[in-house]
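Hi everyone, thanks for coming along. I'd like to walk you through one structure today, starting with a helix and working outwards from there.

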Amino acid sequence: MAIGSGLGAQLGIAAESTYGTFVAPTKFIEFTKESLVLKKTTAQSAGIAAGRLLPLSSRRVVTQEEVSGSIDLEVTNKSMGLLLQALMGTSVTPVQQETTTAYLQTHTLADSFGKFLTIQKGVPLTTGTVTDKSFVGCKVVAAEFSCDIAGMLMATFEIDGKDCSESETLATASYSNMSPFHFGQMAVKAGTYSSETALDGIRKVSVKFERPQATDRFYAGQSGLKKEPIANDQVKITGSIEMDYVATTLDDLHTSDAATSLVWEFVGPTIETTYNETFRIVLPAIRIDEAPPTVEGFDVVKPTISFTGLFDGTNQPRIEYVSTDTAL
């Protein structure tokens, strides 16, 4: 029996080969909170019948079902690949680095059609019995990464799903020996693409990817369930950088509206030889939207720079992830 509280909860994920078809989870992620729920649309018959004061319970129908919610977690040195692939869209196979136990995943921005997950959560009753809720056809429609001074690298993945089943067998959770990326490992670089140099004074960074989708593809003959969402707008990449005003580098880019490449990375312990645990976001072109270095008192000036990620015409944004995971 599990503990009868959130301490006994679990989240397991697996890639699906067919949209909305359950696959038993084989990978389990540690999370800080989640809000995945089944949403249903109902219709109530309201026919007039002499003397009837309430609508008939037997004439309420469920016309549509879908899933929505989010997962908050610490970005760790293992088990992130499936979520990153569902976000970025490229089919990724980890590449062994020379003959070491380090494997590189390169998640380059691409159409995410065909990338969907089963997400199974176990929710404990107070008795310690863990109930199963298996969400199928789960697509990542947005994700935000953030790291504050002295904090962990955190991520929120926003999910759109097809349906929820409570009749699947709850998988037995098992966890890799993971460790989180954190502020002490963080660096921010800007400049010419592939030759970026480190910025000083950075205190906090956040980057958000939004994948607009047509999530309303409900058609006749589908039993009230949707077909796989399709991208219906361009990807939106936005972010912010909070810093001490130690240099005018980013402020000058705001003034000129010139583009710069931005690299935000976390480099952890060595896996083997020269290969380290790494989480890196590469945005080949950003433009600074706001960079107000305002003086608000006696303290050090701390502007917050907001930016938009754009296409430089050649290089797509990507997330690089180096771990010991040999498969997603």
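Let me start with a question for the room: which residues of helix α2, residues 249-256, are buried? Have a look while I add that what you see is a predicted model.

The buried ones in α2 are L250, D251 and L253. Now, an α-helix has 3.6 residues a turn, so residues three or four places apart point the same way. In our case L250, D251 and L253 cover an arc of only 160° around the axis, which puts them on the same side of α2. And what do the buried residues of α2 pack against? Four strands: β17, β18 (260-272), β19 (275-290) and β20. If you follow the chain just past the end of α2, you reach D257, where phi is positive, about 55°.

The other helix makes a nice contrast. Helix α1 runs over residues 81-88, and eight of its eight residues are buried. For those of you clicking along, they are G81, L82, L83, L84, Q85, A86, L87 and M88. After α1 comes G89, and here again we find a positive phi, near 105°.

Let me zoom out for a moment. The protein has two helices and 21 strands, so you have now met both helices. The C-alpha trace spans about 80 × 50 × 40 Å along its principal axes. Of the 328 residues, 45% are buried. And if you take contacts between residues at least 6 apart in sequence, 71% of them join residues at least 24 apart.

On to salt bridges. How many does a search of the whole structure find? The count is 16, and I'll pick out a few of them.

First on my list is E166 with K133, whose side chains meet at 2.4 Å, N to O. Where do the two partners sit? E166 is in the loop between β11 and β12 while K133 is in strand β9, so this pair ties together parts that are 33 residues apart in sequence. As for the surroundings, E166 is exposed, at 54% relative accessible area, whereas K133 is partly exposed, at 26%.

Next, K236 and D233 form a salt bridge at 3.0 Å, N to O. K236 is partly exposed, with a relative accessible area of 35%, and D233 is partly exposed as well, at 46%.

Then there is R318 with E320, bridged at 2.6 Å, N to O. Buried or exposed, what would you guess for R318 and E320? Both are buried. They also belong to a network of salt bridges, in which K189, E265, R280, R318 and E320 are linked.

E265 gives me a handy way into the next residue, Q185, because E265 is one of the residues that Q185 touches. Setting aside residues up to four places away in sequence, the partners of Q185 are P180, E265, F266, V267, G268 and P269. Q185 itself lies in the loop between β11 (163-165) and β12 (186-191), and at 15% relative accessible area it counts as buried.

Another loop residue to look at is G128, which you'll find between β8 (117-124) and β9 (130-147). G128 is buried, at a relative accessible area of 2%. Which residues does G128 contact, leaving out neighbours within four places in sequence? They are M1, A2, I3 and G4. For a sense of scale, G128 and E158 are 30 residues apart along the chain, and their C-alpha atoms are separated by 28 Å.

Finally, since some of you will surely ask, the pockets. The largest pocket holds about 230 Å³ of space. It is lined by 13 residues, and closest to its centre are L109, V235, G309, L310 and F311. Which elements give two or more residues to that lining? Those are β17 (236-243) and β20 (304-310). You heard both names earlier, as β17 and β20 are among the strands that the buried residues of α2 pack against. By class, the lining has seven nonpolar, five polar and one charged residues.

That's my tour, and I'm happy to take questions.

Technical notes:
Residues numbered from 1 in each chain as written. Predicted model: local features only at pLDDT ≥ 70, side-chain atom pairs only at ≥ 80, totals over all residues. Heavy atoms only, no water. Buried < 20%, exposed > 50% of the residue type's maximum accessible area, 1.4 Å probe, protein only. Contact = heavy atoms within 4.5 Å. 1 Å grid on protein atoms, 1.4 Å probe; cavity = no way out; pocket = protein on both sides within 12 Å on 5 of 7 lines; lining within 4 Å. Points joined across faces, edges and corners; volume = space filled by probe spheres on them. Nonpolar A, V, L, I, M, F, W, Y, C, P; charged D, E, K, R; others polar. Salt bridge = Lys/Arg side-chain N within 4 Å of Asp/Glu carboxyl O. Arc of directions from axis to C-beta.
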